[in-house]
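Got your viewer open? Load the model, colour the cartoon however you like, and follow along stop by stop.

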Amino acid sequence: MRSSLVVAVLGLSVSSVAVAQTSNRGFVDIASYLTSEADITAWYTLRSNLTQNFDDICGDTFCEGDYSNIQSLRFRCSVNQRSGNIGQCVWVFAASNEEVNYFTGAITVETQSFTCPIAVAPGTSVSAFLSALSGPSPLYATVPGTGQTVYDNLIGCL
């Protein structure tokens, strides 16, 4: 009898969790949210163009200090599945500084990662975001509702 009660309670708990998970449509990665071929292409083109824009200016800007080899790792955004609005975007970078010991030949490596939040106004839809940052130079495009470019968001982060 006792095991029947435990099973019944566990069954109720498990089904309650399943219902909560399916009814709570929270945030997902934007790549998981997009369904149309045009939006998927726009997203991956945006990421590619951001990386290219950054590579084009890195040596003259952010890559002049301790870390001269900053590399873009990934640009990611979260999307609320219910509303289709952007939750947050971040751009992650990595860098290193290597030194060769003159006497021993040993190489010491110092690594650094950077997580740069990109300001997104509350209520910004995926379509408005992708539209505003479309084109060959999204690094210099104004993020909807913020008055800031993606580049502006990197200042002070890198």
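Before you click anything, one term: a contact here means heavy atoms within 4.5 Å. With that in hand, residues 24 or more positions apart account for 58% of the contacts in the protein with a separation of 6 or more.

This is a predicted model, in which local features need pLDDT of at least 70 and side-chain atom pairs count only at pLDDT 80 or more, while totals for chains, interfaces and linings use all residues. Residues are numbered from 1 along each chain as its sequence is written, and side-chain values use heavy atoms, with hydrogens and water left out.

**The whole chain**

Start with the cartoon view. You should find five helices and four strands, running along the sequence as α-β-α-α-β-β-β-α-α. Helices (H or I, at least four residues) and strands (E, at least two) are DSSP runs, numbered from the N terminus. Now switch on the surface: its accessible area is about 9,600 Å², and 54% of that belongs to carbon and sulfur atoms. Such areas come from the Shrake-Rupley method with a 1.4 Å probe; for residues, only the protein chains shown count as cover. Of the 158 residues, 30% count as buried, where buried means under 20% relative accessible area, exposed over 50%, and partly exposed in between (1.4 Å probe, protein chains only).

**The sheet**

Select the four strands. They form an open, antiparallel sheet in the order β1-β2-β3-β4; two strands pair if DSSP finds at least two bridges between them. At the edges sit β1 (27–29) and β4 (107–118), each pairing on one side only. From one strand to the next, the twist averages 20°. Axes for such angles are lines fitted to C-alpha atoms (for helices, over the stretch in contact), and angles run from 0 to 180 degrees between N-to-C directions.

Add helix α3 (residues 37–58), which packs on the sheet and touches β2 and β3. Its direction makes about 145° with that of β2.

**Two hairpins**

Zoom in on β2 (residues 71–80) and β3 (residues 86–100), an antiparallel pair with eight bridges. Pick arginine 74 and you'll find valine 92 as its bridge partner in β3; valine 79 stands opposite isoleucine 86, also in β3. Five residues separate the strands of this hairpin, and glycine 84 in the turn has a positive phi of about 80°.

Slide across to β3 and β4, which pair in the antiparallel sense over twelve bridges. Click alanine 95 to find glutamine 112 as its partner in β4, then tryptophan 91, whose partner in β4 is cysteine 116. This hairpin has six residues between its strands, with glycine 105 in the turn at a positive phi of about 80°.

**The salt bridge**

How many salt bridges does the structure hold? Just one, with a salt bridge taken as a side-chain nitrogen of Lys or Arg within 4 Å of a carboxyl oxygen of Asp or Glu. Show side chains for arginine 76 and aspartate 29: their closest N and O atoms are 2.7 Å apart. Arginine 76 is in β2 and aspartate 29 is in β1, so the pair ties together parts that are 47 residues apart in sequence. Arginine 76 is partly exposed, at 39% relative accessibility.

**A surface patch**

Next, select Val100, Ile107 and Val109, which make a nonpolar surface patch of about 300 Å². Patches are made of residues with over 30% relative accessible area and no salt bridge; like charges are joined within 9 Å, and nonpolar side chains (Val, Leu, Ile, Met, Phe, Trp, Tyr) within 5 Å. Valine 109 lies in β4 and counts as exposed, with 52% relative accessibility.

**Valine 126 and serine 68**

Is valine 126 buried or exposed? Find it in helix α4 (residues 126–132): at 4% relative accessibility, valine 126 is buried. Leaving out residues up to four places away in sequence, valine 126 touches Ile30, Tyr33, Leu34, Val79, Gly84 and Ile86. Put a distance label between the C-alpha atoms of valine 126 and asparagine 85, and you'll get 5.7 Å for two residues 41 apart along the chain.

Last stop: serine 68, in the loop between α3 and β2. Serine 68 is exposed, with a relative accessible area of 55%. Its C-alpha atom is 8.3 Å from that of cysteine 58, ten residues away along the chain.
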